[in-house]
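Good morning, everyone, and thank you for making time for this. I would like to take you slowly through one chain, so please have the sequence and the picture open before we begin.

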Amino acid sequence: MEFHRGLALLLGACFTEILDGTVITPAAPLIARDFGIEPIGVNVAVTAYVLTIGMLIPIRAGERSHAP
């Protein structure tokens, strides 16, 4: 039972990661225009955000699974 719960959590984290990237990326040119910067600057920020979230979701999920 624990294996299925862990697998579901991992798949949910992966889905969230993909969803974040697909939602933010099309908006990058508009964000860049609003801030007055080049779109490549926004892409670097989006990549850093997605990588950070991708690393933190499993860590937080692991903390919750060890709770009594």
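I will start with the overall layout, then turn to the interior, and finish at the surface.

Please keep in mind throughout that what we are looking at is a predicted model. The chain has three helices and zero strands, so that, when you read along the sequence, the pattern you meet is α-α-α. Of the 68 residues in the chain, 15% are buried, while the accessible surface comes to about 5400 Å², with 73% of that area belonging to carbon and sulfur atoms.

Now for the interior: which residues make up the largest nonpolar core? There are five of them, namely Ala-28, Ala-32, Val-42, Val-46 and Val-50. The elements that give two or more residues to this core are α2, which covers 28–35, and α3, which covers 39–65, and it is α3 that gives the most, with three residues. If we stay with Val-50 for a moment and leave aside its neighbours within four places in sequence, we find that Val-50 is in contact with Glu-17 and Gly-21.

Let me turn to the surface, where Leu-7, Leu-10 and Leu-11 together make a nonpolar patch of about 280 Å². Leu-11 lies in helix α1, which is made of residues 2–24. Is Leu-11 buried or exposed? Leu-11 counts as exposed, because its relative accessibility is 54% and the cut-off for that word is over 50%.

Definitions and conventions:
Residues numbered from 1 in each chain as written. Predicted model: local features only at pLDDT ≥ 70, side-chain atom pairs only at ≥ 80, totals over all residues. Heavy atoms only, no water. Helix = DSSP H or I, 4+ residues; strand = E, 2+ residues; numbered from the N terminus. Buried < 20%, exposed > 50% of the residue type's maximum accessible area, 1.4 Å probe, protein only. Areas by Shrake-Rupley, 256 points an atom, 1.4 Å probe, with all protein chains shown as cover. Patch = residues over 30% accessible without salt bridge, like charges linked within 9 Å, V, L, I, M, F, W, Y side chains within 5 Å. Salt bridge = Lys/Arg side-chain N within 4 Å of Asp/Glu carboxyl O. Core = buried A, V, L, I, M, F, W, Y, C linked by side-chain atoms within 4.5 Å. Contact = heavy atoms within 4.5 Å.
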